[in-house]
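Some notes for a colleague at the bench follow, set out as numbered points. Please read them alongside the sequence and the model.

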Amino acid sequence: MDKPTIRTKLAARRREMAAKETAEARIARGTRFAESCLRTEEIQAACERGALIASYESLPSEPPTTQLNEALVTAGARVVVPVHEINGRPLDGLEWVDIANRKVVAATPAILLDLHLRVVVTPALAVGRDGSRLGKGKGYYDRFFAQLPRTPVGPVRIALVSEDEVFESLPVDELDEPIDFFVTG
């Protein structure tokens with residue numbers, strides 16, 4: 001199956017699930033994701049050092065990140081999330097705001113690296129056990145990752161997905177950037 005077909009099927013399934021999910025179930029799922037993430041060695045180390053972690057604010061059709069972002073801050077990390085527009089003005093790439101004060105802290109990956117970015121929690125529609133990642137198709141994260149060094153020099157790339165969104169491998173092209181590992185919740 002090709003990427004557009006897989007993307008369409010997975011996105012439709014997520015929309016259906018989001019329409020049926022209660023607020024309580026979403027909070028419980030978010031808590032499971034947060035607990036799973038906080039058990040990873042990489043996130044534990046980043047929190048203990050008060051390091052910078054890039055996360056995201058999930059849409060209803062994405063794995064919930066509200067509980068994760070709160071837990072990261074409580075555990076000692078500084079958390080930034082991307083924005084795609086500011087004051088209604090679309091951006092060419094991602095800019096990053098601190099969730100504590102909603103101020104832009106970085107407009108480029110180089111600035112994030114200077115702020116000692118250690119972990120990037122990335123959205124994904126699906127992942128492969130081989131490190132392949134299928135996003136929504138706009139390329140924001142692939143362009144972002146292409147500007148960052150890979151681990152161990154660069155930040156660890158972690159995708160959040162449901163267990164049924166994990167495959168052995170996914171189709172990739174020359175623009176697709178791999179992840180280091182994934183967390184399910």
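What volume does the largest pocket have? The points below begin there; the model is a predicted one.

1. Pocket volume and centre. The volume of the largest pocket comes to about 690 Å³. Its lining is made up of 28 residues. Those that lie nearest the centre of the pocket are His84, Lys136, Lys138, Tyr140 and Tyr141.

2. Origin and make-up of the lining. Two or more lining residues of the largest pocket come from each of α1 (3-20), β2 (78-86), β7 (133-134) and α6 (140-146). Helix α6 provides the largest share, with four residues. Sorted by class, the lining has 13 charged, eleven nonpolar and four polar residues.

3. Nonpolar core. In soluble globular proteins, nonpolar side chains tend to be buried together. Here the largest nonpolar core holds 33 residues, and Ile53, Trp96 and Phe144 have the most contacts inside it. The element that gives the most to this core is strand β5 (residues 117-123), with four residues.

4. Surroundings of Trp96. What does Trp96 touch, once neighbours within four places in sequence are left aside? Its contacts include Ala54 and Ser55, then Val80, Val81 and Pro82. They also include the run Lys103, Val104, Val105 and Ala106. Leu112, Tyr141 and Phe144 complete the list. Two of these names appear above: Phe144 is among the core residues with the most contacts, and Tyr141 is among the residues nearest the centre of the largest pocket.

5. Cysteines. How many disulfides does the structure hold? The count is zero. Cys37 cannot be paired because its sulfur lies 9.9 Å from the closest cysteine sulfur, that of Cys47, which is too far for a bond. Cys47 is likewise in no disulfide, its nearest cysteine sulfur being that of Cys37. Cys37 counts as buried because its relative accessibility is 0%. Cys47 is buried too, with a relative accessible area of 6%.

6. Helix α4 and Gln67. Gln67 sits in helix α4 (residues 66-74). Is Gln67 buried or exposed? Its relative accessibility is 17%, so Gln67 counts as buried, the cut-off being under 20%. Apart from neighbours within four places in sequence, Gln67 is in contact with Ile27, Gly30, Thr31 and Ala34. The buried residues of α4 include Leu68, Asn69, Ala71 and Leu72 as well as Gln67. An α-helix has 3.6 residues a turn, so residues three or four places apart point the same way. Just after α4, Gly76 has a positive phi of about 115°.

7. Ala11. This residue is part of helix α1. Ala11 counts as buried because its relative accessibility is 19%, and the cut-off is under 20%. Ala11 and Ala110 are separated by 99 residues in sequence, and their C-alpha atoms are 31 Å apart in space.

8. Backbone points to check. Most residues other than glycine have a negative phi, and most peptide bonds are trans. Which peptide bond is cis, with omega near 10°? That bond runs from Thr151 to Pro152. Arg102 has a positive phi, near 60°, and His116 has a positive phi near 70°; neither residue is glycine.

9. Setting of these backbone points. Pro152 is placed in the loop between α6 and β8 (156-161). With a relative accessibility of 80%, Pro152 counts as exposed. Its C-alpha atom is separated by 38 Å from that of Ala23, which is 129 residues away along the chain. Arg102 belongs to the loop between β3 (89-98) and β4 (104-106). At a relative accessible area of 44%, Arg102 is partly exposed. His116 is in the loop between α5 (109-114) and β5. Its relative accessible area is 48%, so His116 is partly exposed, as exposed would need over 50%.

Conventions
Residues numbered from 1 in each chain as written. Heavy atoms only, no water. Buried < 20%, exposed > 50% of the residue type's maximum accessible area, 1.4 Å probe, protein only. Contact = heavy atoms within 4.5 Å. Disulfide = S-S within 2.5 Å. 1 Å grid on protein atoms, 1.4 Å probe; cavity = no way out; pocket = protein on both sides within 12 Å on 5 of 7 lines; lining within 4 Å. Points joined across faces, edges and corners; volume = space filled by probe spheres on them. Nonpolar A, V, L, I, M, F, W, Y, C, P; charged D, E, K, R; others polar. Core = buried A, V, L, I, M, F, W, Y, C linked by side-chain atoms within 4.5 Å.
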